[in-house]
Amino acid sequence: MLALLMTVEDFDTADTIASLYRKYKGLLYKIAYEKTGIKEDAEDAVNDAFAALIAISGFDYSDEKKTRNWLAVTTRNIAINIAKMNSYRNHKELSDGIEVQDTVMFIDDTIDLQNSIAMLPEDLSKMLVLFYY
């Protein structure tokens with residue numbers, strides 16, 4: 001959060017954002033954690049919401065309810081996006097269906113493969129040797 005505050009040029013705005021962070025970080029963290037289920041992702045969602053707030057020039061901080069609600073909705077939406085990305089990554093990894101043991105060739109298998117290739121005609125065996133090795 002400190003790095004984000006250093007990007008704010010106006011000291012009053014930086015003070016206001018720091019105050020908002022101290023006041024609402026617990027609420028926003030709960031919202032984000034409810035959506036992600038991962039501590040680090042929830043923290044990232046809260047920080048991203050404050051980064052989005054800082055990026056809006058001319059944001060009216062005087063209406064505390066509006067600011068709190070904006071932060072809550074933005075944090076929730078960011079957390080949902082993070083959870084979707086995690087779900088997609090996990091689904092992609094699981095859908096490959098390849099296990100480590102399927103990709104490892106054991107020494108016995110290698111010897112069997114070499115013997116089988118040696119029994120083929122020379123032109124086919126050279127082609128297979130070049131393809132696999």
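Guide: In what follows, a residue is buried under 20% relative accessible area, exposed over 50%, and partly exposed in between. The model discussed here is predicted.

Visitor: Is K39 buried or partly exposed?

Guide: The relative accessible area of K39 is 46%. Buried requires a value under 20%, and exposed a value over 50%. K39 therefore counts as partly exposed.

Visitor: With which residue does K39 form a salt bridge?

Guide: The closest N and O atoms of the pair are 3.9 Å apart, and a salt bridge requires such atoms within 4 Å. The partner lies 4 residues from K39 in helix α3, so about one helical turn separates the two. At 34% relative accessibility, this partner is partly exposed. The residue paired with K39 is E43.

Visitor: How many residues apart in sequence are the parts that K23 and E64 tie together?

Guide: K23 and E64 form a salt bridge, with their closest N and O atoms 2.3 Å apart. E64 is partly exposed, at a relative accessible area of 38%. Because K23 belongs to helix α2 and E64 to helix α4, the pair ties together parts whose separation in sequence, in residues, is 41.

Visitor: How many salt bridges does a search of the whole structure find?

Guide: One salt bridge joins K23 and E64. Another joins K39 and E43. The number found by searching the whole structure is 2.

Visitor: Which residues touch the most other members of the largest nonpolar core?

Guide: The largest nonpolar core holds 22 residues. Helices α2, α3 (39-55) and α4 (64-95) each supply at least two residues of this core. Beyond its neighbours within four places in sequence, L28 is in contact with V46, F50, L71, A72 and T75. The members touching the most others are L28, F50 and L53.

Visitor: Is T36 buried or exposed?

Guide: T36 lies in helix α2, which covers residues 11-36. Residues up to four places away in sequence aside, T36 touches D41, A42, A79, I82 and A83. Its relative accessibility is 14%, so T36 counts as buried.

Visitor: In which helix of the chain is confidence lowest?

Guide: The chain has a mean pLDDT of 79, with 74% of its residues at 70 or more. Confidence is highest in α3, at a mean of 92. Where pLDDT is low, the predicted coordinates should not be read in detail. With a mean of 48 over residues 100-103, the helix of lowest confidence is α5.

Notes. Residues numbered from 1 in each chain as written. Predicted model: local features only at pLDDT ≥ 70, side-chain atom pairs only at ≥ 80, totals over all residues. Heavy atoms only, no water. Buried < 20%, exposed > 50% of the residue type's maximum accessible area, 1.4 Å probe, protein only. Contact = heavy atoms within 4.5 Å. Core = buried A, V, L, I, M, F, W, Y, C linked by side-chain atoms within 4.5 Å. pLDDT = per-residue confidence, 0-100. Salt bridge = Lys/Arg side-chain N within 4 Å of Asp/Glu carboxyl O.
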